[in-house]
There are 2 protein chains.
Amino acid sequence: MLILLTNDDGIFSPGLAGLYRELVALGEVQVVAPASVESATSHGITLKAPLLTSRVTIPGAFTGTAVDGRPADCVKLAVSQVLPRRPDLMVSGINAGANVGINVLYSGTVAAAIEGAFLGLPSIAVSQHLRGEASPDYGLAAKLARETIEQILAAGLGPRQVATVNLPVLKTGESPAGVKIVRQCTRAWGDTYERRRDPRGHDYFWNTSVFALNTDEEDTDVAALRDGYVTITPLQFDLTNHALLGEWSRKKWSGFQNG
Amino acid sequence: MLILLTNDDGIFSPGLAGLYRELVALGEVQVVAPASVESATSHGITLKAPLLTSRVTIPGAFTGTAVDGRPADCVKLAVSQVLPRRPDLMVSGINAGANVGINVLYSGTVAAAIEGAFLGLPSIAVSQHLRGEASPDYGLAAKLARETIEQILAAGLGPRQVATVNLPVLKTGESPAGVKIVRQCTRAWGDTYERRRDPRGHDYFWNTSVFALNTDEEDTDVAALRDGYVTITPLQFDLTNHALLGEWSRKKWSGFQNG
């Protein structure tokens, strides 16, 4: 099995190296990842600039390809140009920070997996919930991630299918509460900003939002992660609102003829 | 009615000014848009840098707020900080280029509208298909856009609901073939790259993909736009694959207990 591994925190991220070390138990792993941190870049792609590449060696882990682009660029370029053959599986992560709720749409980690699915691959994104400033134990997280990926593959993840995994905060020796298959919470976060004034009198704003795992929708990724579970959410990339599509299709629309 | 208008081509884009001039027929319009071109930035947001703002006047159109950020940042900041009160409608566009098929996921124009919906607003994205190098007639496009927006509002677009509109290539005096309510095509585009070598021996790659309106899925946005229709697609932002969620929920998952 050939596995394409990428992320959005960049090729030097410890979460990427940790996941690499576990995934080699499942097959050959090739890394094609952003050269720099590309958090919250969502599904951005690079069309009007060239994608510079370089080879990067992470001691004790891998030699991979760094791409001066976004996570989705890495997946496109890997499949089209870098890998020796078509991969059998695409994995993205481990992201430093949970990607639950509407953060699923902001996340470059998840976007990379969706791009893999566009290209016909079974694709899995993995994110680690953080609490406080302490760096997580990525060795432990990667082991959990690999076990979860094995279970997802056993459950059956086909071409063009995507799953996203979130790992709860754990200390060494702890176990998660269990595994939950949950839907994406679609509640808005409350946005807050701090307004400042620059020396020339222009306003500027820092985003001060804190993404807490608060929800009263108990069947969601947000609630399950809050409760200490490993969450698995199967994703899709048809953004059509089919209910509204059906409703609107039955209405009469004016056709914009001349006059 | 207070309308928030943004885009991803930047505050100086002629598509934005054109749409502004038409939307003032529907209510008060306030522009909060990216300071520079933010095409294909999808739903990226800015968390680790401040959002610089400035006031910009486009002669013959508007004075608005330019934000040194991405389209979704503009929507968040507008609703949270810039606008005098909560808007009744959010409009994004007119984008220079169609946003159909999987481009819906790459598009900053569409992401802005989805962000508006996160925040509880009825939200509409508008994009103009381009063919060749000629600049489109944004006056004509904006008139079509305004008529389409009026129809969508009449059909009923609620809070947290999103519609995306694509306008066909038209010459002055021409009319579209009609209006079609269509689903998003989910076919992959074929990615192509041109590989070059820099003077120091590193490979770099230009994306050379051409996004043609080719599909055999006749009930989609891609096919309808190809055939000269104004397309309307209602969107949603729950990425859960509910069919697979149901299937996987009935399986037995191992719970990662110790040992």
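In this predicted model, 70 residues of chain B are in contact with 70 residues of chain A. On the side of chain B that touches chain A, the leading contributor is strand β10 (residues 203-207) of chain B, which gives 5 residues. By class, that side of chain B comprises 35 nonpolar, 27 polar and 8 charged residues.

The two copies are related in a simple way. A turn of 180°, with a shift of 0.0 Å along the axis, lays chain B on chain A with an RMSD of 0.0 Å. This is the relation of a two-fold axis. Within chain B, the C-alpha nearest the axis belongs to B:Ser42, at 3.0 Å from it. Both copies use the same surface, and 100% of the contact residues of chain B recur in chain A.

The next point to follow is how the sheets run across the two chains. Strands of a sheet pair through backbone hydrogen bonds, in either the parallel or the antiparallel sense. Strand β3 (residues 51-57) of chain A pairs with β10(B) in the antiparallel sense, over 2 bridges. Here A:Leu52 stands opposite B:Tyr204 of β10(B). This pairing has its place in an open sheet of 11 strands, ordered β8(A)-β11(A)-β7(A)-β6(A)-β5(A)-β1(A)-β2(A)-β4(A)-β3(A)-β10(B)-β9(B), in which the pairing is mixed. At its edges stand β8 (179-181) of chain A and β9 (193-197) of chain B; each has a single partner strand, so one side of each is left without a neighbour in the sheet. From one strand to the next, the twist averages 25°. Inside this sheet, β2(A) and strand β4 (residues 63-67) of chain A run parallel and are joined by 3 bridges. A:Ala33 has A:Ala66 in β4(A) as its bridge partner.

A further open sheet of 11 strands follows the order β9(A)-β10(A)-β3(B)-β4(B)-β2(B)-β1(B)-β5(B)-β6(B)-β7(B)-β11(B)-β8(B), again with mixed pairing. Its edge strands are β9 (193-197) of chain A and β8 (179-181) of chain B, each of which pairs on one side only. The average twist from one strand to the next is 25°. Strand β1 (residues 2-6) of chain B and strand β5 (residues 89-96) of chain B run parallel in this sheet, with 4 bridges between them. One of the residue pairs here is B:Ile3 with its bridge partner B:Leu89 in β5(B).

Helices pack across these strands as well as against one another. In chain A, α1(A) lies across β1 (2-6), β2, β5 and β6 (123-128), and runs at about 140° to β5(A). Helix α1 (residues 14-23) of chain B lies across β1, β2 (28-34), β3 (51-58), β4 (62-67), β5 and β6 (123-128) of chain B, and its angle to β5(B) is about 140°.

Helix α1 (residues 14-23) of chain A also meets helix α5 (residues 138-155) of chain A, their axes coming within 8 Å and crossing at roughly 50°. The two helices α1(A) and α5(A) are therefore oblique to each other, and their crossing is right-handed. From α1(A), the contact includes A:Pro14, A:Gly15, A:Gly18 and A:Leu19, while α5(A) supplies residues including A:Tyr138, A:Gly139, A:Ala141 and A:Ala142. Sorted by class, this contact of α1(A) with α5(A) holds 7 nonpolar, 3 polar and 4 charged residues.

In chain B, the axes of helix α2 (residues 71-82) and helix α4 (residues 108-118) come within 8 Å and cross at roughly 30°. This angle makes α2(B) roughly parallel to α4(B). The crossing of α2(B) and α4(B) is right-handed. Among the residues that make the contact are B:Pro71, B:Ala72 and B:Cys74 of α2(B), together with B:Gly108, B:Thr109 and B:Ala111 of α4(B). The contact of α2(B) with α4(B) has 6 nonpolar, 3 polar and 2 charged residues.

Some details of backbone geometry deserve a look. Most peptide bonds are trans, and most residues other than glycine have a negative phi. In chain A, however, the peptide bond from A:Gly93 to A:Ile94 is cis, with omega near 0°, and A:Ile94 belongs to strand β5 (residues 89-96) of chain A. The bond from B:Gly93 to B:Ile94 is likewise cis, with omega near -5°, and B:Ile94 lies in strand β5 of chain B. A:Ser42, a residue other than glycine, has a positive phi near 50°; A:Ser42 sits in the loop between β2 (28-34) and β3 of chain A.

Conventions: Residues numbered from 1 in each chain as written. Chains lettered and ligands numbered in written order. Predicted model: local features only at pLDDT ≥ 70, side-chain atom pairs only at ≥ 80, totals over all residues. Least-squares fit on C-alpha atoms with pLDDT ≥ 70 in both. Contact = placed C-beta atoms within 7 Å. Axes fitted to C-alpha atoms, helices over the stretch in contact; angles between N-to-C directions. Parallel < 35°, antiparallel > 145°, perpendicular 65-115°, else oblique. Left-handed = near helix turned anticlockwise from the far one by under 90°. Nonpolar A, V, L, I, M, F, W, Y, C, P; charged D, E, K, R; others polar. Pairing = 2+ DSSP bridges.
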